[in-house]
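Trainee: Could you take me through a close look at how the side chains and helices meet in this model? I would like to follow one part first and then see what surrounds the topic.

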Amino acid sequence: MEVIQEIFKNGNVQWVLLGTLLLGLCSGVLGSFSLLKKQSLIGDAMAHAALPGICLAFLIVGEKALIPFIIGATILGMIATYCIQFIVRHSRIKEDTSIGLVLSVFFGIGIVLLTYIQHNGAGNQSGLDDFLFGQAASLVGADVQIISIISLLLLGVTALLFKELKVITFDPQFAKGLGLPVRGLNGLLMTMIVLAVVIGLQAVGVILMSALLITPAITARYWTDKLNVMTILSGIMGLISGGIGTIVSLSYASLPTGPVIILSLTVLFLFSLLFSPKRGLISTLIKRIRFNQNMLREDVLILFYEGEEWAKLQKKQDYSPYMSSSDLMNTRFISQRKLEQNLKKLRSERLLKKNSREEYRLTEEGLSVAHELTLKRRLMEVYLMNEMHYGHLQLRTAHGEIRDIPKDILTELLDILKNQGRMSLLLKEQESKLKETKPENIS
(Lines give C-alpha, C1' and ligand atoms only; values in the text may rest on other atoms or scores of the structure.)
Protein backbone atom coordinates (compact mmCIF):
# COMPACT_ATOMS: atom_id res chain seq x y z
CA MET A 1 0.00 0.00 0.00
CA GLU A 2 2.89 2.37 0.73
CA VAL A 3 4.26 1.74 -2.75
CA ILE A 4 0.87 2.52 -4.30
CA GLN A 5 0.56 5.71 -2.24
CA GLU A 6 3.98 6.82 -3.42
CA ILE A 7 2.97 6.13 -7.00
CA PHE A 8 -0.13 8.33 -6.75
CA LYS A 9 1.91 11.21 -5.36
CA ASN A 10 3.87 11.35 -8.62
CA GLY A 11 2.26 13.77 -11.08
CA ASN A 12 3.56 11.94 -14.15
CA VAL A 13 2.12 8.67 -12.85
CA GLN A 14 -1.28 10.32 -12.50
CA TRP A 15 -1.12 11.35 -16.15
CA VAL A 16 -0.13 7.86 -17.23
CA LEU A 17 -2.96 6.33 -15.18
CA LEU A 18 -5.46 8.75 -16.73
CA GLY A 19 -4.27 7.80 -20.20
CA THR A 20 -4.56 4.04 -19.65
CA LEU A 21 -7.97 4.43 -18.01
CA LEU A 22 -9.28 6.31 -21.04
CA LEU A 23 -7.56 3.83 -23.35
CA GLY A 24 -9.27 0.89 -21.63
CA LEU A 25 -12.63 2.67 -21.73
CA CYS A 26 -12.28 3.56 -25.43
CA SER A 27 -11.06 0.09 -26.44
CA GLY A 28 -13.92 -1.63 -24.58
CA VAL A 29 -16.57 0.56 -26.23
CA LEU A 30 -15.24 0.14 -29.79
CA GLY A 31 -14.50 -3.54 -29.21
CA SER A 32 -18.23 -4.16 -28.70
CA PHE A 33 -18.95 -3.21 -32.31
CA SER A 34 -15.95 -5.16 -33.58
CA LEU A 35 -17.12 -8.29 -31.76
CA LEU A 36 -20.73 -8.05 -32.91
CA LYS A 37 -19.66 -7.46 -36.52
CA LYS A 38 -17.62 -10.69 -36.23
CA GLN A 39 -14.39 -8.82 -36.96
CA SER A 40 -12.53 -9.70 -33.78
CA LEU A 41 -9.32 -10.63 -35.59
CA ILE A 42 -9.29 -7.39 -37.58
CA GLY A 43 -7.98 -5.58 -34.50
CA ASP A 44 -5.20 -8.15 -34.16
CA ALA A 45 -4.18 -7.64 -37.79
CA MET A 46 -4.21 -3.86 -37.34
CA ALA A 47 -2.07 -4.05 -34.22
CA HIS A 48 0.54 -6.25 -35.88
CA ALA A 49 0.47 -4.14 -39.03
CA ALA A 50 1.11 -1.01 -36.96
CA LEU A 51 4.60 -2.17 -35.98
CA PRO A 52 6.17 -1.59 -39.43
CA GLY A 53 4.38 1.77 -39.54
CA ILE A 54 6.04 2.78 -36.28
CA CYS A 55 9.43 1.61 -37.50
CA LEU A 56 9.11 3.45 -40.82
CA ALA A 57 8.01 6.62 -39.01
CA PHE A 58 11.10 6.35 -36.80
CA LEU A 59 13.36 5.90 -39.81
CA ILE A 60 11.86 8.98 -41.46
CA VAL A 61 11.75 11.26 -38.41
CA GLY A 62 14.88 9.92 -36.73
CA GLU A 63 13.53 10.13 -33.16
CA LYS A 64 10.78 8.83 -30.92
CA ALA A 65 7.69 11.00 -31.36
CA LEU A 66 4.17 9.78 -30.76
CA ILE A 67 2.38 11.82 -33.43
CA PRO A 68 4.55 10.53 -36.33
CA PHE A 69 4.20 7.03 -34.85
CA ILE A 70 0.40 7.38 -34.80
CA ILE A 71 0.36 8.60 -38.39
CA GLY A 72 2.65 5.80 -39.60
CA ALA A 73 0.82 3.09 -37.65
CA THR A 74 -2.58 4.36 -38.83
CA ILE A 75 -1.52 4.35 -42.47
CA LEU A 76 -0.09 0.83 -42.28
CA GLY A 77 -3.13 -0.36 -40.30
CA MET A 78 -5.50 0.95 -42.97
CA ILE A 79 -3.34 -0.60 -45.70
CA ALA A 80 -3.51 -3.95 -43.89
CA THR A 81 -7.30 -3.67 -43.64
CA TYR A 82 -7.54 -2.90 -47.35
CA CYS A 83 -5.28 -5.85 -48.17
CA ILE A 84 -7.53 -8.19 -46.16
CA GLN A 85 -10.67 -6.98 -47.93
CA PHE A 86 -8.95 -7.07 -51.34
CA ILE A 87 -7.84 -10.69 -50.85
CA VAL A 88 -11.32 -11.76 -49.72
CA ARG A 89 -13.07 -10.04 -52.64
CA HIS A 90 -10.70 -11.10 -55.41
CA SER A 91 -9.77 -14.63 -54.38
CA ARG A 92 -11.27 -17.77 -52.92
CA ILE A 93 -9.47 -17.22 -49.62
CA LYS A 94 -11.79 -16.73 -46.64
CA GLU A 95 -11.54 -13.81 -44.24
CA ASP A 96 -9.89 -15.64 -41.33
CA THR A 97 -7.17 -17.02 -43.63
CA SER A 98 -6.68 -13.60 -45.19
CA ILE A 99 -6.32 -12.00 -41.74
CA GLY A 100 -3.74 -14.58 -40.70
CA LEU A 101 -1.78 -14.05 -43.91
CA VAL A 102 -1.71 -10.25 -43.71
CA LEU A 103 -1.01 -10.29 -39.97
CA SER A 104 2.01 -12.57 -40.39
CA VAL A 105 3.48 -10.66 -43.33
CA PHE A 106 3.16 -7.20 -41.76
CA PHE A 107 4.40 -8.35 -38.36
CA GLY A 108 7.36 -10.06 -40.03
CA ILE A 109 8.24 -6.83 -41.84
CA GLY A 110 7.93 -4.95 -38.56
CA ILE A 111 10.30 -7.32 -36.74
CA VAL A 112 12.85 -7.02 -39.56
CA LEU A 113 12.69 -3.21 -39.44
CA LEU A 114 12.87 -3.17 -35.64
CA THR A 115 15.93 -5.41 -35.67
CA TYR A 116 17.57 -3.19 -38.30
CA ILE A 117 16.91 -0.06 -36.23
CA GLN A 118 18.32 -1.61 -33.06
CA HIS A 119 21.54 -2.72 -34.78
CA ASN A 120 22.12 0.31 -36.97
CA GLY A 121 20.61 3.25 -35.12
CA ALA A 122 21.95 5.52 -32.43
CA GLY A 123 20.85 5.57 -28.81
CA ASN A 124 17.65 7.42 -29.66
CA GLN A 125 15.96 4.15 -30.65
CA SER A 126 16.06 2.98 -27.00
CA GLY A 127 12.64 1.88 -25.77
CA LEU A 128 11.27 1.27 -29.25
CA ASP A 129 10.80 -2.41 -28.39
CA ASP A 130 8.31 -1.36 -25.68
CA PHE A 131 5.75 -1.36 -28.49
CA LEU A 132 5.90 -5.17 -28.55
CA PHE A 133 4.62 -5.80 -25.00
CA GLY A 134 3.75 -2.31 -23.80
CA GLN A 135 5.26 -0.32 -20.96
CA ALA A 136 3.28 2.46 -19.31
CA ALA A 137 6.38 3.80 -17.58
CA SER A 138 7.80 4.79 -20.97
CA LEU A 139 4.95 7.25 -21.58
CA VAL A 140 5.65 10.93 -21.04
CA GLY A 141 3.19 13.72 -20.36
CA ALA A 142 2.86 14.77 -24.02
CA ASP A 143 2.16 11.16 -25.05
CA VAL A 144 -0.55 10.80 -22.44
CA GLN A 145 -2.19 14.06 -23.52
CA ILE A 146 -2.38 12.84 -27.13
CA ILE A 147 -3.76 9.44 -26.02
CA SER A 148 -6.36 11.15 -23.82
CA ILE A 149 -7.46 13.58 -26.55
CA ILE A 150 -7.85 10.83 -29.16
CA SER A 151 -9.66 8.54 -26.67
CA LEU A 152 -12.15 11.27 -25.74
CA LEU A 153 -12.63 12.09 -29.42
CA LEU A 154 -13.36 8.44 -30.27
CA LEU A 155 -15.79 8.15 -27.34
CA GLY A 156 -17.55 11.33 -28.42
CA VAL A 157 -17.95 10.19 -32.03
CA THR A 158 -19.24 6.79 -30.84
CA ALA A 159 -21.81 8.43 -28.57
CA LEU A 160 -22.88 10.85 -31.34
CA LEU A 161 -23.31 8.12 -33.97
CA PHE A 162 -24.39 5.31 -31.66
CA LYS A 163 -27.77 4.70 -33.35
CA GLU A 164 -26.23 4.63 -36.82
CA LEU A 165 -23.43 2.29 -35.74
CA LYS A 166 -26.01 0.05 -34.08
CA VAL A 167 -28.04 -0.24 -37.28
CA ILE A 168 -25.08 -1.03 -39.56
CA THR A 169 -23.83 -3.58 -37.02
CA PHE A 170 -27.02 -5.63 -36.85
CA ASP A 171 -28.72 -5.00 -40.23
CA PRO A 172 -26.66 -3.29 -42.96
CA GLN A 173 -29.40 -3.87 -45.57
CA PHE A 174 -31.96 -2.09 -43.39
CA ALA A 175 -29.46 0.73 -42.91
CA LYS A 176 -29.17 1.06 -46.70
CA GLY A 177 -32.95 1.20 -46.92
CA LEU A 178 -32.94 4.09 -44.45
CA GLY A 179 -30.52 5.95 -46.68
CA LEU A 180 -27.55 5.73 -44.33
CA PRO A 181 -24.05 5.83 -45.89
CA VAL A 182 -23.22 2.27 -44.81
CA ARG A 183 -19.84 2.12 -46.56
CA GLY A 184 -18.80 5.47 -45.08
CA LEU A 185 -19.92 4.48 -41.58
CA ASN A 186 -18.09 1.16 -41.84
CA GLY A 187 -14.97 3.02 -42.94
CA LEU A 188 -15.34 5.46 -40.05
CA LEU A 189 -15.76 2.62 -37.56
CA MET A 190 -12.71 0.85 -38.95
CA THR A 191 -10.70 4.07 -38.74
CA MET A 192 -11.72 4.57 -35.11
CA ILE A 193 -10.69 0.99 -34.28
CA VAL A 194 -7.34 1.59 -35.98
CA LEU A 195 -6.82 4.76 -33.92
CA ALA A 196 -7.76 2.93 -30.70
CA VAL A 197 -5.25 0.21 -31.55
CA VAL A 198 -2.50 2.69 -32.43
CA ILE A 199 -2.75 4.85 -29.30
CA GLY A 200 -2.68 1.72 -27.14
CA LEU A 201 0.43 0.17 -28.63
CA GLN A 202 2.93 1.85 -26.32
CA ALA A 203 0.91 1.00 -23.21
CA VAL A 204 -0.38 -2.48 -24.10
CA GLY A 205 1.85 -3.59 -26.95
CA VAL A 206 1.40 -4.90 -30.47
CA ILE A 207 0.91 -8.52 -29.45
CA LEU A 208 -1.82 -7.99 -26.84
CA MET A 209 -3.65 -4.88 -28.08
CA SER A 210 -6.33 -6.94 -29.83
CA ALA A 211 -7.15 -8.60 -26.50
CA LEU A 212 -7.87 -5.18 -24.99
CA LEU A 213 -10.40 -4.62 -27.76
CA ILE A 214 -12.16 -7.98 -27.63
CA THR A 215 -11.93 -9.35 -24.07
CA PRO A 216 -13.99 -6.56 -22.39
CA ALA A 217 -16.68 -6.97 -25.06
CA ILE A 218 -16.82 -10.76 -24.65
CA THR A 219 -16.97 -10.35 -20.88
CA ALA A 220 -19.80 -7.81 -21.08
CA ARG A 221 -21.70 -10.03 -23.52
CA TYR A 222 -22.17 -12.61 -20.77
CA TRP A 223 -24.20 -10.14 -18.70
CA THR A 224 -26.60 -8.54 -21.16
CA ASP A 225 -28.39 -8.80 -24.52
CA LYS A 226 -28.67 -5.02 -25.04
CA LEU A 227 -26.01 -3.21 -27.06
CA ASN A 228 -26.12 0.01 -25.03
CA VAL A 229 -25.67 -1.87 -21.75
CA MET A 230 -23.02 -4.11 -23.29
CA THR A 231 -21.08 -1.08 -24.55
CA ILE A 232 -21.13 0.58 -21.14
CA LEU A 233 -20.13 -2.61 -19.30
CA SER A 234 -17.38 -3.31 -21.82
CA GLY A 235 -15.98 0.19 -21.37
CA ILE A 236 -16.08 -0.11 -17.57
CA MET A 237 -14.25 -3.44 -17.66
CA GLY A 238 -11.62 -2.02 -19.99
CA LEU A 239 -11.23 0.97 -17.68
CA ILE A 240 -10.84 -1.20 -14.56
CA SER A 241 -8.30 -3.53 -16.17
CA GLY A 242 -6.36 -0.59 -17.58
CA GLY A 243 -6.10 0.98 -14.13
CA ILE A 244 -5.10 -2.25 -12.41
CA GLY A 245 -2.53 -3.11 -15.08
CA THR A 246 -0.94 0.32 -14.92
CA ILE A 247 -0.69 0.41 -11.12
CA VAL A 248 0.82 -3.07 -10.92
CA SER A 249 3.18 -2.36 -13.81
CA LEU A 250 4.42 0.86 -12.22
CA SER A 251 4.75 -0.82 -8.83
CA TYR A 252 7.07 -3.47 -10.28
CA ALA A 253 9.26 -1.90 -12.94
CA SER A 254 10.18 -5.28 -14.43
CA LEU A 255 6.57 -6.05 -15.40
CA PRO A 256 5.32 -4.89 -18.83
CA THR A 257 1.94 -3.18 -18.76
CA GLY A 258 0.20 -5.10 -21.54
CA PRO A 259 0.32 -8.61 -20.03
CA VAL A 260 -0.81 -7.32 -16.61
CA ILE A 261 -3.80 -5.52 -18.15
CA ILE A 262 -4.78 -8.62 -20.10
CA LEU A 263 -4.41 -10.81 -17.00
CA SER A 264 -6.76 -8.44 -15.16
CA LEU A 265 -9.24 -8.74 -18.02
CA THR A 266 -8.86 -12.51 -17.99
CA VAL A 267 -9.87 -12.63 -14.33
CA LEU A 268 -13.02 -10.61 -15.12
CA PHE A 269 -13.75 -12.85 -18.10
CA LEU A 270 -13.36 -16.07 -16.09
CA PHE A 271 -15.64 -14.69 -13.37
CA SER A 272 -18.28 -13.83 -16.00
CA LEU A 273 -17.82 -17.19 -17.72
CA LEU A 274 -18.60 -18.98 -14.46
CA PHE A 275 -21.10 -16.77 -12.63
CA SER A 276 -23.08 -14.65 -15.11
CA PRO A 277 -26.79 -15.34 -14.47
CA LYS A 278 -27.85 -16.11 -18.06
CA ARG A 279 -24.83 -17.61 -19.84
CA GLY A 280 -22.45 -18.56 -17.03
CA LEU A 281 -21.33 -22.17 -16.83
CA ILE A 282 -22.55 -22.57 -13.25
CA SER A 283 -25.97 -21.01 -13.90
CA THR A 284 -26.30 -23.06 -17.10
CA LEU A 285 -25.43 -26.21 -15.19
CA ILE A 286 -28.00 -25.39 -12.50
CA LYS A 287 -30.67 -24.76 -15.15
CA ARG A 288 -29.82 -28.03 -16.87
CA ILE A 289 -30.04 -29.97 -13.61
CA ARG A 290 -33.40 -28.37 -12.80
CA PHE A 291 -34.66 -29.07 -16.31
CA ASN A 292 -33.61 -32.74 -16.10
CA GLN A 293 -35.24 -33.06 -12.69
CA ASN A 294 -38.44 -31.51 -14.00
CA MET A 295 -38.47 -33.78 -17.05
CA LEU A 296 -37.91 -36.84 -14.87
CA ARG A 297 -40.74 -35.76 -12.62
CA GLU A 298 -43.04 -35.36 -15.62
CA ASP A 299 -41.96 -38.69 -17.14
CA VAL A 300 -42.73 -40.57 -13.94
CA LEU A 301 -46.17 -38.99 -13.57
CA ILE A 302 -46.98 -39.64 -17.25
CA LEU A 303 -45.89 -43.29 -16.92
CA PHE A 304 -48.35 -43.82 -14.07
CA TYR A 305 -51.05 -41.95 -15.96
CA GLU A 306 -50.59 -43.87 -19.22
CA GLY A 307 -50.72 -47.14 -17.32
CA GLU A 308 -54.13 -46.31 -15.87
CA GLU A 309 -55.23 -44.88 -19.22
CA TRP A 310 -54.27 -48.10 -21.02
CA ALA A 311 -56.09 -50.22 -18.43
CA LYS A 312 -59.25 -48.20 -18.83
CA LEU A 313 -59.09 -48.32 -22.64
CA GLN A 314 -58.56 -52.09 -22.59
CA LYS A 315 -61.13 -52.50 -19.81
CA LYS A 316 -58.67 -54.44 -17.69
CA GLN A 317 -60.50 -55.16 -14.48
CA ASP A 318 -57.52 -56.89 -12.87
CA TYR A 319 -55.04 -54.12 -13.62
CA SER A 320 -53.21 -52.78 -10.56
CA PRO A 321 -52.39 -49.06 -10.75
CA TYR A 322 -49.49 -49.63 -8.35
CA MET A 323 -45.94 -49.74 -9.77
CA SER A 324 -42.68 -50.52 -8.02
CA SER A 325 -39.42 -48.65 -8.60
CA SER A 326 -38.08 -51.67 -10.52
CA ASP A 327 -41.09 -51.50 -12.87
CA LEU A 328 -40.36 -47.84 -13.52
CA MET A 329 -36.66 -48.53 -14.15
CA ASN A 330 -37.61 -51.13 -16.73
CA THR A 331 -39.64 -48.57 -18.68
CA ARG A 332 -37.11 -45.73 -18.49
CA PHE A 333 -33.32 -45.78 -18.25
CA ILE A 334 -32.53 -44.02 -14.98
CA SER A 335 -30.37 -44.59 -11.94
CA GLN A 336 -32.11 -46.03 -8.92
CA ARG A 337 -30.84 -43.21 -6.70
CA LYS A 338 -32.38 -40.48 -8.86
CA LEU A 339 -35.62 -42.42 -9.18
CA GLU A 340 -35.95 -42.95 -5.43
CA GLN A 341 -35.28 -39.25 -4.83
CA ASN A 342 -37.93 -38.33 -7.36
CA LEU A 343 -40.51 -40.73 -5.93
CA LYS A 344 -39.85 -39.37 -2.45
CA LYS A 345 -40.34 -35.81 -3.68
CA LEU A 346 -43.58 -36.70 -5.46
CA ARG A 347 -44.86 -38.29 -2.28
CA SER A 348 -44.04 -35.12 -0.35
CA GLU A 349 -46.05 -33.18 -2.94
CA ARG A 350 -48.94 -35.61 -2.36
CA LEU A 351 -48.97 -36.66 -6.01
CA LEU A 352 -48.08 -40.30 -5.25
CA LYS A 353 -48.97 -42.69 -2.48
CA LYS A 354 -47.27 -45.90 -1.42
CA ASN A 355 -48.64 -49.21 -0.15
CA SER A 356 -47.06 -51.71 2.24
CA ARG A 357 -45.25 -53.50 -0.62
CA GLU A 358 -43.25 -50.39 -1.56
CA GLU A 359 -45.39 -49.80 -4.65
CA TYR A 360 -46.68 -46.43 -5.83
CA ARG A 361 -49.74 -45.07 -7.55
CA LEU A 362 -51.21 -41.65 -8.37
CA THR A 363 -53.34 -39.81 -5.86
CA GLU A 364 -56.42 -37.89 -7.02
CA GLU A 365 -54.34 -34.71 -7.11
CA GLY A 366 -51.55 -36.58 -8.87
CA LEU A 367 -53.99 -37.91 -11.47
CA SER A 368 -55.11 -34.36 -12.25
CA VAL A 369 -51.53 -33.07 -12.55
CA ALA A 370 -50.50 -36.07 -14.67
CA HIS A 371 -53.52 -35.52 -16.91
CA GLU A 372 -52.46 -31.93 -17.60
CA LEU A 373 -48.87 -32.97 -18.30
CA THR A 374 -49.96 -35.72 -20.68
CA LEU A 375 -52.30 -33.40 -22.51
CA LYS A 376 -49.64 -30.70 -22.90
CA ARG A 377 -47.09 -33.17 -24.18
CA ARG A 378 -49.49 -34.66 -26.73
CA LEU A 379 -50.64 -31.24 -27.84
CA MET A 380 -47.00 -30.27 -28.24
CA GLU A 381 -46.33 -33.33 -30.40
CA VAL A 382 -49.33 -32.58 -32.60
CA TYR A 383 -48.33 -28.92 -32.91
CA LEU A 384 -44.78 -29.85 -33.97
CA MET A 385 -46.07 -32.37 -36.51
CA ASN A 386 -48.26 -29.62 -38.03
CA GLU A 387 -45.90 -26.71 -37.44
CA MET A 388 -46.05 -25.58 -41.07
CA HIS A 389 -49.77 -25.06 -40.69
CA TYR A 390 -49.50 -23.14 -37.41
CA GLY A 391 -46.13 -21.47 -38.03
CA HIS A 392 -47.74 -18.06 -38.66
CA LEU A 393 -48.94 -18.03 -35.04
CA GLN A 394 -45.33 -17.98 -33.73
CA LEU A 395 -46.33 -19.83 -30.59
CA ARG A 396 -43.68 -19.76 -27.87
CA THR A 397 -42.59 -23.20 -26.77
CA ALA A 398 -40.38 -24.12 -23.83
CA HIS A 399 -39.59 -27.34 -21.98
CA GLY A 400 -42.17 -29.31 -23.93
CA GLU A 401 -45.08 -26.99 -23.15
CA ILE A 402 -47.18 -24.75 -25.38
CA ARG A 403 -47.37 -21.18 -24.14
CA ASP A 404 -50.31 -18.81 -24.74
CA ILE A 405 -52.14 -21.13 -27.11
CA PRO A 406 -55.31 -19.53 -28.55
CA LYS A 407 -58.60 -21.21 -27.75
CA ASP A 408 -59.51 -21.95 -31.38
CA ILE A 409 -56.12 -23.54 -32.04
CA LEU A 410 -56.54 -25.64 -28.88
CA THR A 411 -59.82 -26.96 -30.27
CA GLU A 412 -58.15 -27.81 -33.60
CA LEU A 413 -55.30 -29.66 -31.88
CA LEU A 414 -57.78 -31.62 -29.76
CA ASP A 415 -59.67 -32.59 -32.92
CA ILE A 416 -56.41 -33.79 -34.50
CA LEU A 417 -55.73 -35.90 -31.41
CA LYS A 418 -59.19 -37.45 -31.72
CA ASN A 419 -58.77 -38.17 -35.41
CA GLN A 420 -55.41 -39.84 -34.77
CA GLY A 421 -56.96 -42.03 -32.12
CA ARG A 422 -54.75 -40.56 -29.47
CA MET A 423 -57.55 -38.98 -27.45
CA SER A 424 -57.91 -41.35 -24.52
CA LEU A 425 -61.07 -42.01 -22.53
CA LEU A 426 -59.74 -39.93 -19.68
CA LEU A 427 -59.01 -37.02 -22.01
CA LYS A 428 -62.42 -37.33 -23.65
CA GLU A 429 -64.11 -37.04 -20.30
CA GLN A 430 -62.60 -33.59 -19.86
CA GLU A 431 -62.72 -32.44 -23.49
CA SER A 432 -65.60 -30.06 -22.98
CA LYS A 433 -63.95 -28.66 -19.88
CA LEU A 434 -60.69 -28.07 -21.74
CA LYS A 435 -62.42 -26.18 -24.53
CA GLU A 436 -63.92 -23.80 -21.99
CA THR A 437 -60.59 -23.21 -20.22
CA LYS A 438 -58.90 -19.85 -20.76
CA PRO A 439 -55.62 -19.95 -22.72
CA GLU A 440 -53.53 -18.70 -19.81
CA ASN A 441 -54.69 -21.64 -17.71
CA ILE A 442 -53.59 -24.15 -20.34
CA SER A 443 -49.91 -23.22 -20.34
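Mentor: Happy to; we start with a helix pair and then turn to rings, a buried alanine and two loop residues.

A word on the basis: this is a predicted model, where local features need pLDDT of at least 70, side-chain atom pairs count only at pLDDT 80 or more, and totals for chains, interfaces and linings use all residues. Residues are numbered from 1 along each chain as its sequence is written, and side-chain values use heavy atoms, with hydrogens and water left out.

Helices here are DSSP runs (H or I, at least four residues), as strands are (E, at least two), numbered from the N terminus. Helix α8 (residues 162-170) packs against helix α10 (residues 182-204) at about 105°, with the axes 10 Å apart; axes are lines fitted to C-alpha atoms over the stretch in contact, and angles run from 0 to 180 degrees between N-to-C directions. The two are therefore roughly perpendicular (65 to 115 degrees; under 35 is roughly parallel, over 145 roughly antiparallel, the rest oblique). On the α8 side, E164, L165 and I168 make the contact, and on the α10 side V182, L185, N186, L189 and M192, where contact means heavy atoms within 4.5 Å.

Now the rings. The whole structure holds five aromatic pairs, counted when ring centres of Phe, Tyr and Trp (its six-membered ring) lie within 6.5 Å; planes under 30 degrees apart are stacked, over 60 edge-to-face and the rest tilted. Y222 and F269 have ring centres 6.0 Å apart and planes at 70°, so they are edge-to-face. This pair joins distant parts of the chain, 47 residues apart: Y222 lies in the loop between α11 (209-221) and α12 (227-251), and F269 in helix α13 (residues 257-275). Y222 is buried at 17% relative accessible area, while F269 is partly exposed at 22% (buried is under 20%, exposed over 50%, partly exposed in between, with a 1.4 Å probe and protein chains only). Ring pairs also link W223, F271 and F275 into a cluster.

A50, in helix α3 (residues 40-61), is buried at 0%. Leaving aside neighbours within four places in sequence, A50 touches A73 and L201.

Finally, the loops. Most residues other than glycine have a negative phi. R350, however, has a positive phi near 65° and is exposed at 64%. E358, in the loop between β2 and β3 (359-362), has a phi near 60°, also positive, and is partly exposed at 45%.
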